[in-house]
Structure formats: structure tokens, C-alpha cells
Amino acid sequence: PLQTAPAALSGDQAARAEQSKHFIASILKQAQPRQGSGGAVLAADLLVVAGARIERELASDPQGAAELGVIIGEGLSMLGEPERGESILRAAVARAQTAWGPRHGVTLRGRALLAESLAVQKPDEAAQVADALVPDALAGLSANPQWAEVATMALRQQSFQRAKRDQVEASYAPLKQAIEIAERHLGPNHADTAATMGLLSNTYG
């Protein structure tokens, strides 16, 4: 009896992974030339379409939908178009909070990406999201050291939002704390540690 729940959980995770694999494969199959222009579909366009498909096709799997929504939001961020992920990330964060609570790694990452997506068009809300995120990220880190990367991400986002609002002095502290966390949990040579140190150097500069 004691092994039943973990086995079921493992089965659920395997099923979600398989569903995610098929979903991602179907997205890639959509990378066909644009009608009339002969050009390839842009990666960002594919991700936005995928975000809409989550609502139609994964409504019965809120955890899988949350994970994929955050992945899509992160992809749009990496492509330099984070603002296009706003609605996708709002839905993903809502699902993640319901499924796992506000301090789970998926929820925290989604909230950090949501703040980034709001930065240009809704800076006040972006700052509010970032400031509310940090206490939960630090609490999540205390419970789960494996979420150090997400905690540093949250602190970097808070620093960015403060600097964007000309609160330069106030933007230093989150970066210093992020470096401390990254060095302790990820190591001094980790990419996140180096990136955060670079951000602090640029902020001082």
C-alpha cells in the first residue's frame, strides 16, 4: 500500500511526458512555409499558436498544460519576444498555483517570466509581480534547494524591474543576493552565477 501512491505518481508523470512529447512534435510539424510568401514560419509564431492549442487540447491535464505553458513562455523570452507570452503565462501560472501552490518551481519560473512579459507594456504590474515573487521564491528555495536557479531568476527579475523604474540603488541588493545563492547552491562556475555577476557589473557600470 505504501508504494501505490508513488507508483501512481510515476505513472502520471510518464503519461504527461508522453503527451508533452507528442504535443511538441505536432508543433514542429506546423513549421511549413507561409502561404504566399515562401518563407518559413517564425519560431515565435509557432510558440504562440502552441499556446492557443494548450487551451483547446490540454484542458483536461492542468499540470501538463502548466508545464508546457511555462516552457513556451520561456521560449518566447529566449527569442526576444517575451511580451507575446503574457496570456500564455497567465494561464500557466494560474494552473501551476492550483496544482502545486505559489512556491513550486514551475509556478515560480512562470511568475518570473510573466513579470518579464509585462515589463514593456505594463511596467507597474511587472514590478508588482516581481516584488511578490521574491519572498515565495526564497521560501521555496528553503524547502527545496534544487530550485536555486529559479530563486536567482526571481531576484534578477526584481532587480531588472527596479532598474527599469530608475531605482538603481535598490536594484543592487537583489543581484547581490542572487549571486550569493547561485555561488552556494549552483557553484561559482555555473552559468547563472556568471550571468548574475555580469548583470551586477553592468548595473554598477
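On a 1 Å grid over the protein atoms alone, a cavity is a set of points where a 1.4 Å probe fits but cannot get out, while a pocket is an open set with protein on both sides within 12 Å along at least five of seven lines; lining residues have an atom within 4 Å of a point. This is a predicted model, where local features need pLDDT of at least 70 and side-chain atom pairs count only at pLDDT 80 or more, but totals for chains, interfaces and linings use all residues. Residues are numbered from 1 along each chain as its sequence is written, and side-chain values use heavy atoms, with hydrogens and water left out.

**The enclosed space**

- The count comes to one cavity of 30 Å³ or more, and the largest cavity has a volume of about 30 Å³ (grid points are joined across faces, edges and corners, and a volume is the space filled by probe spheres set on the points).
- Its lining is made up of G51, I54, E55, A65, G69, I88, A91, A92 and R95.
- By class, the lining of the largest cavity has five nonpolar, two polar and two charged residues (Ala, Val, Leu, Ile, Met, Phe, Trp, Tyr, Cys and Pro count as nonpolar, Asp, Glu, Lys and Arg as charged, and the others, Gly among them, as polar).
- α2, α3 and α4 each chip in at least two residues of this lining, with α4 giving the largest share, four residues (helices are DSSP runs of H or I with at least four residues, and strands are E runs of at least two, numbered from the N terminus).

**The open space**

- The largest pocket comes out at about 460 Å³.
- Its lining runs to 19 residues, and E116, M153, R156, Q157 and L199 are the ones nearest the pocket's centre.
- Two or more lining residues come from each of α3 (62–78), α5 (105–118), α7 (148–164) and α9 (191–204).
- α7 gives the most to the largest pocket, seven residues.
- Sorted by class, the pocket lining is nine nonpolar, four polar and six charged.

**α2 against α3**

- α2 (residues 43–57) packs on α3 at about 160°, with the axes 10 Å apart (axes are lines fitted to C-alpha atoms, for helices over the stretch in contact, and angles run from 0 to 180 degrees between N-to-C directions).
- The two helices are therefore roughly antiparallel (angles over 145 degrees count as that, under 35 as roughly parallel, 65 to 115 as roughly perpendicular and the rest as oblique).
- On the α2 side the contact uses A44, L47, V48, A50, G51 and I54, and on the α3 side A65, L68, G69, I72, G75 and L76 (contact means heavy atoms within 4.5 Å).
- That contact has nine nonpolar residues, three polar and no charged.

**α4 against α5**

- The axes of α4 (residues 86–100) and α5 come within 9 Å and cross at roughly 155°, so these two are also roughly antiparallel.
- E86, L89, R90, V93, A96, Q97 and W100 in α4 touch a set in α5 that includes V106, T107, G110 and R111.
- Here the split is eight nonpolar, four polar and three charged.

**α6 against α7**

- α6 (residues 123–143) packs on α7 at about 150°, axes 8 Å apart, which makes the pair roughly antiparallel.
- Among the residues in contact are P123, A126 and A127 of α6, and A148, A151 and Q157 of α7.
- This contact counts 13 nonpolar, three polar and two charged residues.
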